[in-house]
Amino acid sequence: LSIIQKILMIFVDKIIVISNSVKLFYKESFPSKSISVVRNIPIYKSHKKNNNYLRKKYNIKEKDIIFIYQGIISKKRMSRVLLDVFSKASKNKHIVFMGFGDDVEIIKESSQINNNIHFHEAVKQSDIINVTSSADVGLSLIINDSLNHDFCLPNKVFEYIHAGIPILSSNCTELKNLIVTNNFGWVTNPNFHDIYKQISLINKNEIINKAKEINLNKHNFDWRNEEAEYLNNFNI
């Protein structure tokens, strides 16, 4: 922590953070402060799984596996590494990039020469789950080069959970705790070799088994549970 942060913390009564790792980090430096964890989880809404939308849109066979990357499409978010992986992966492993960002044109160009790489325009927040649920695996791959990344819990991970699909993520501390502890997917080192290897190993049976775990527990990941903790900080 910087000197400025330490000085400003004198005037802080309560701290709200997004994961347990962040809480422990601040607790070591400020043991007397009240610290609460409020995760950035969307409101859970039950829905019927849409099995066919992406398959129909891109003419993908039922036996093939669809990975979805949603959010900002940029080099910093590993989009180019993923392009490299899927351009060399088995053609029954597809990736759909859904979102916007600096690398959209690169994705579109790659989709013209690789039948297993696809681009989908960003959709309204209310439509995300419907589209995402028609994929098989959600991707959340972050370069683990800072505490900020190691301790993060991206919103999209909970959207994947709400959509009922397992997750392949970087082996960051909080993501690993969430995914491995609950049997919600797989974790990997965020580099070409390890991502390629893990994607090659993922099969339909594993996806079905992990999706069952998610669908049994996804209603527990709901903003309304986090909201109670948030409001408690303000005595509401």
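This is a short dialogue about a sheet and its helices in a predicted model.

Biologist: Let's start with the sheet. In what order do the strands of the open sheet run?

Modeller: The sheet has 6 strands in the order E5-E4-E3-E6-E7-E8, and the pairing is parallel. Strand E5 (117-121) and strand E8 (185-188) each have a single partner strand, so one side of each lacks a neighbour in the sheet and they stand at the edges. From one strand to the next, the twist averages 25°.

Biologist: How many bridges join strand E3 and strand E4?

Modeller: Strand E3 (residues 65-72) and strand E4 (residues 93-100) pair in the parallel sense over 8 bridges. To find one of them, go to Ile-72, whose bridge partner in E4 is Phe-100.

Biologist: Which strands does helix H10 touch as it packs on the sheet?

Modeller: H10 touches E3, E4, E7 and E8, and its direction makes about 160° with that of E8.

Biologist: Now the helix pair. At what angle do the axes of H4 and H10 cross?

Modeller: The axes of helix H4 (residues 79-88) and helix H10 (residues 192-201) come within 10 Å and cross at roughly 45°. Angles from 65 to 115 degrees count as roughly perpendicular and those under 35 as roughly parallel, and H4 and H10 are therefore oblique to each other. Their crossing is right-handed.

Biologist: Which residues make that contact?

Modeller: On H4, look for Val-81, Leu-82, Asp-84, Val-85, Phe-86 and Lys-88; on H10, for Phe-192, Ile-195, Tyr-196 and Ile-199. By class, the contact residues are 8 nonpolar and 2 charged, with no polar ones.

Definitions and conventions
Residues are numbered from 1 along each chain as its sequence is written. This is a predicted model: local features need pLDDT of at least 70, side-chain atom pairs count only at pLDDT 80 or more; totals for chains, interfaces and linings use all residues. Side-chain values use heavy atoms; hydrogens and water are left out. Axes are lines fitted to C-alpha atoms, for helices over the stretch in contact, and angles run from 0 to 180 degrees between N-to-C directions. Helices (H or I, at least four residues) and strands (E, at least two) are DSSP runs, numbered from the N terminus. Angles under 35 degrees count as roughly parallel, over 145 as roughly antiparallel, 65 to 115 as roughly perpendicular and the rest as oblique. A crossing is left-handed if the near helix is turned anticlockwise from the far one by less than a right angle, and right-handed if clockwise. Contact means heavy atoms within 4.5 Å. Ala, Val, Leu, Ile, Met, Phe, Trp, Tyr, Cys and Pro count as nonpolar, Asp, Glu, Lys and Arg as charged, and the others, Gly among them, as polar. Two strands pair if DSSP finds at least two bridges between them.
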